[in-house]
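Here is a short briefing on one protein model. Please look through the structure before reading the points below.

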Amino acid sequence: EDSIPNAERIGYLFLPVEVSQNNKVPLMIILHGSGGTWAGRGARHAEFLNQNGIGALVIDTFTSRGLSEKDKYIPRLMEANFSDQIADAFSALNALQSHPFIDGNKIGIMGYSMGGISTILAAYENIATASSKNSVRFALHIAFYAPCIVQPKTRIPTSAPVIAFWGLEDEATPKSRCDGFLEVFEEEGSFVQTRWHEGAPHGWNGIKPAKFYKSVP
């Protein structure tokens, strides 16, 4: 709404060393999971992207809203969740259009768990329209172990490619629930690719050993 003032949000920009105004790079916006950015997964992935000539912007949706690792899990998610991440992501997409080192036509989005849900939801045109003040859209969507728990009532894809990675040992993403979750994108002609990893639990690309939390839905 026009009556709501602009708010500053936190993001960490990672750019390849060879970047310049004459050598603009593609970029991925990275969204964290419900555990926040504090484990450093986004920064590690950003460094990997940089090594391959791709920039990265790691968005911190929680810290931007005064939330920290000390806040309890459920109350934290009641303060900020995927809808806030989507708003942050589209704001960043719009802002990066004027960055001198970034190719604004080649900005993708990727996310883990809750960030994975946000990544998929951002691929729906009706959500993109509601979240952005212009027609700029993400060029690519990559979701890591996104729980298949929410979809918009109206499902109109933006036509950008959608790639999803899930684990067969992930209690939060049972294959029976996620099969067909991206079907509407395929039906509308979007490129879709999914991959199920054997033995992979939730958060399988983290650096800590897998742990089951009974208190987490």
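The points below cover a helix pair, one aspartate and two loop residues.

This is a predicted model. Helix α5 spans residues 114-121, and 8 of its 8 residues are buried. It packs against helix α4 (residues 82-96) at an angle of about 60°. Aspartate 71 sits in the loop between α2 and α3. Tyrosine 145 and serine 159 lie in the loop between β5 and β6.

**Helix α5 and its packing on α4**

- Helix α5 is mostly covered.
- Its buried residues are Met114, Gly115, Gly116, Ile117, Ser118, Thr119, Ile120 and Leu121.
- The axes of α4 and α5 are 9 Å apart, at an angle of about 60°.
- The two helices are therefore oblique to each other, as an angle of about 60° falls outside the 65 to 115 degrees that count as roughly perpendicular and is not under 35 degrees, the limit for roughly parallel.
- The crossing of α4 past α5 is right-handed.
- On the α4 side, Phe82, Gln85 and Ile86 make the contact.
- On the α5 side, the contact residues are Met114, Gly115, Ile117, Ser118 and Leu121.
- By class, this contact holds 5 nonpolar and 3 polar residues. It has no charged residues.

**Aspartate 71**

- The loop that holds aspartate 71 runs between α2 (61-64) and α3 (73-79).
- Aspartate 71 counts as partly exposed because its relative accessibility is 30%, and partly exposed covers the range between under 20% (buried) and over 50% (exposed).
- Its side chain reaches the backbone nitrogen of serine 68 at 2.6 Å.
- Leaving out residues up to four places away in sequence, aspartate 71 touches Gly66 and Arg76.

**Tyrosine 145 and serine 159**

- The loop that holds tyrosine 145 lies between β5 (141-144) and β6 (162-167).
- Phi of tyrosine 145 is near 35°, a positive value in a residue other than glycine.
- Tyrosine 145 has 1% relative accessibility, so it counts as buried.
- Serine 159 lies in the loop between β5 and β6.
- Phi of serine 159 is also positive, at about 90°, although serine 159 is not a glycine.
- Serine 159 counts as exposed because its relative accessibility is 57%.
- Tyrosine 145 is thus buried, whereas serine 159 is exposed.

Note on methods
Residues numbered from 1 in each chain as written. Predicted model: local features only at pLDDT ≥ 70, side-chain atom pairs only at ≥ 80, totals over all residues. Heavy atoms only, no water. Helix = DSSP H or I, 4+ residues; strand = E, 2+ residues; numbered from the N terminus. Buried < 20%, exposed > 50% of the residue type's maximum accessible area, 1.4 Å probe, protein only. Contact = heavy atoms within 4.5 Å. Polar contact = N/O pair within 3.5 Å; in protein donor to acceptor, adjacent residues only side chain to side chain. Axes fitted to C-alpha atoms, helices over the stretch in contact; angles between N-to-C directions. Parallel < 35°, antiparallel > 145°, perpendicular 65-115°, else oblique. Left-handed = near helix turned anticlockwise from the far one by under 90°. Nonpolar A, V, L, I, M, F, W, Y, C, P; charged D, E, K, R; others polar.
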